[in-house]
Amino acid sequence: MQGPSFFLLLLLAASIGGGVVALAVVARHRRKTLFPGADDQSEVKIKNRQCNRPFGSQEAESSTPTSSQQPHDPWKEGMTQMEMRRVRAENMFSRLTLFYQDGHSNSSDEGGDKDDRALCILRGEGQYIFDEAGKRYLDCVNNVAHIGHSHPVLVQAAHAQLQAINTNTRYHHPGRSRYAKKLLGLFPPDLDTVFFVNSGSEANDLALALSRAYTGHEDVVVLDYAYHGHTGTMIDISPYKHHGNSSLPSSSSSSPPSSPAIAPEEKGGEDERKHGHTSSSSSFPKKWVHVIPSPDTYRGPFTTTAAYVSHSSTLLDAAISPPSLPSRHIAAFFAEGVLACGGQVVLPPDYLRGMYSYIRSKGGLCIADEVQTGFGRSGSHMWAYEAQGVIPDIITLGKPIANGFPLAAVITRKEIAESLPHSYFNTFGGSNLAMALGEATLDVVLKEKLQQKAERLGTMLRAMLEGLAQKHPLVGDVRGLGMMLGVELVEDKEAKTPAPAAAAYVLERARQMGVHIQVDGRWENVLKIKPPLAFTEADSHTLVETIDKALTEFEHKPEEGEMKKEK
């Protein structure tokens, strides 16, 4: 029942402004009725079944949801798989990648084998994702959903903040200041300044700009097959984007690679050098990018930290002081604690200590790319670089920072930040909503002790995967930190010949059995495991049993390429 004051307001509005004003008053009253506290910014709890259901409850365990659980997506209504594929083909970039490739059936819209199609995912909860038919998959891929899909704490935080305000970042807001202090509290005291941005790519791009401003230098050192983002400059320093799949080696090599740190000879005029770019037709790497070997002690040319650091230093000395050409100067060295796209390669002990010492002796800054490895995933530490016993000059954060909401950050020292020669603002980086979700995610990481869980569960899972290496000749190496693990498949353990066909088989069979994994690495032969940290011990057993079954099938399959079907 409405109070008399409401009807008086309605009568007054109608008399002085007509129906439009009356409707506005009604809409305002209805909004306050449905969303109490929206105008005074008080936090409001969501009162619906999805949010109040316990996270990871038994309801999420059902592999065949009831009709009331069927995922709903209004954008998909009336769209078949074939129609979605047609829109993608006609209206989206042709090389927009998917985890699984669509099938090639030329039959009717619903024809072909559904198991050959890319997944259409409509819902997630905890460590599970659900497709349009309601089939559940154990998610072993999405480190972005760091604390789990649809975590109720985040759902509530988003709802409350959207009721209050979400707008341009060029205003003071207590949420931004509070989260900045909480986040910086996880780093050494000298790293006292934070920039909030939208993505890991943007964070790394800003980190490079800061390095160049602070040092006055231009050049960048990166590890072979590293990936640091998709902005123009980040593509320039990401060998992963340029190599494609390398030719398969017939055997492991003990001889050093041929000077990968040497950039192409000087091209273009002084203006090109000044602005750090060459023409779009120039080859990779550009003259200001120096690529050094990935310190892969399993497959690379060396097995010790000292050998990799010494070899890379020699290559860089030759690159920055080439005969008959002006000397070059290093602005920054980018490195992840675990080379994610490079095949989950873990840096050998003290590698960053040795490389940081060299880079700093040349006047450069050291940047730790924690976009994939941060927030406790490495287990032993909150940040993967800590396992190397170093303190970077700049740290970049991304993917898991707000559990999938667009947010990233650059952490650095005050004097480095202040070297930026211009003012800075970011319309959405650090928005009210981003800050609410970043803070909520961090609170869950700390409260639920997810770093400690990653260490405990990762140790157990790695031991189980190493057990597969004893059973299957295809398993050449098991490596990783915490819950960021890789299983490298090879045709021969002595020759270490990559086995991409085996990896592709495991990927598809796992999908058919309801387990979502990823394949990566230079030869697409590394099973990449980085699940949401809602993962459990039981999930670990499910994952290992699935990989075990798929490997056994591949080793005994009667014909090359034959794929069994799980009914």
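Buried means under 20% relative accessible area, exposed over 50%, and partly exposed in between (1.4 Å probe, protein chains only).

The model is predicted: local features need pLDDT of at least 70, side-chain atom pairs count only at pLDDT 80 or more, and totals for chains, interfaces and linings use all residues. Residues are numbered from 1 along each chain as its sequence is written, and side-chain values use heavy atoms, with hydrogens and water left out.

**Exercise 1. Classify S177 and place it in the fold.**

Step 1. Take the accessibility. S177 has 47% relative accessibility, so S177 counts as partly exposed.

Step 2. Find the element. S177 belongs to helix α5, residues 174-184. Helices (H or I, at least four residues) and strands (E, at least two) are DSSP runs, numbered from the N terminus.

Step 3. Look across the chain. M435 is 258 residues away in sequence, and the two C-alpha atoms are separated by 9.1 Å.

**Exercise 2. Describe the protein chain as a whole.**

Step 1. Count the elements. There are 16 helices and 18 strands.

Step 2. Take the burial. Of the 567 residues, 51% are buried.

Step 3. Take the surface. The chain exposes about 26,100 Å², and carbon and sulfur atoms supply 55% of that area. Accessible areas come from the Shrake-Rupley method with a 1.4 Å probe; for residues, only the protein chains shown count as cover.

Step 4. Take the contacts, meaning heavy atoms within 4.5 Å. Among those between residues at least 6 apart in sequence, 72% join residues at least 24 apart.

**Exercise 3. Trace the seven-stranded sheet and the helix that packs on it.**

Step 1. Write the strand order. The open sheet runs β4-β12-β11-β10-β7-β5-β6, with mixed pairing. Two strands pair if DSSP finds at least two bridges between them.

Step 2. Mark the edges. β4 (193-197) and β6 pair on one side only. On average, neighbouring strands are turned by 20° against each other, direction ignored. Axes are lines fitted to C-alpha atoms, for helices over the stretch in contact, and angles run from 0 to 180 degrees between N-to-C directions.

Step 3. Check the β4 edge. Five bridges pair β4 with β12 (residues 408-412) in the antiparallel sense. F195 stands opposite V410 there.

Step 4. Add the helix. α10 touches β5, β6 and β7, and its direction makes about 160° with that of β6.

Step 5. Move to β5. It pairs with β7 in the parallel sense over three bridges, where D219 has I330 as its bridge partner. β5 also pairs with β6, again parallel, over four bridges. L223 stands opposite I292 in that pair.

Step 6. Ask which faces of β5 are covered. Both are: D219, V221 and L223 are buried on one side, V220 and V222 on the other.

**Exercise 4. Test the length of α10 and list its packing partners.**

Step 1. Compute the span, which is 1.5 Å times one less than the number of residues. For the 16 residues of α10 (residues 305-320) this should be 22 Å; the end C-alpha atoms are 22 Å apart, so the two agree.

Step 2. List buried residues. They include Y308, V309, L315, L316 and I320.

Step 3. Name the partners. The buried residues of α10 pack against β5 (219-223), β6 (289-292), β7 (330-335) and α11 (351-361).

**Exercise 5. Follow L465 from the core to β18.**

Step 1. Define the core: buried Ala, Val, Leu, Ile, Met, Phe, Trp, Tyr and Cys residues joined through side-chain atoms within 4.5 Å. The largest such core has 95 residues; L183, F333, L397, L465 and L489 touch the most other members.

Step 2. List contacts. Beyond its neighbours within four places in sequence, L465 meets V478, L485, V487, I529, V544 and I547.

Step 3. Link two of them. I529 in β18 is the bridge partner of L485. Four bridges join β14 (residues 484-492) to β18, and the strands run antiparallel.

Step 4. Inspect β18 (residues 526-529). V526 and K528 point one way, L527 and I529 the other, and all are buried.

Step 5. Add the hairpin. β17 and β18 have five residues between them, and G521 in the turn has a positive phi of about 100°. β17 (residues 518-520) joins β18 through three antiparallel bridges.
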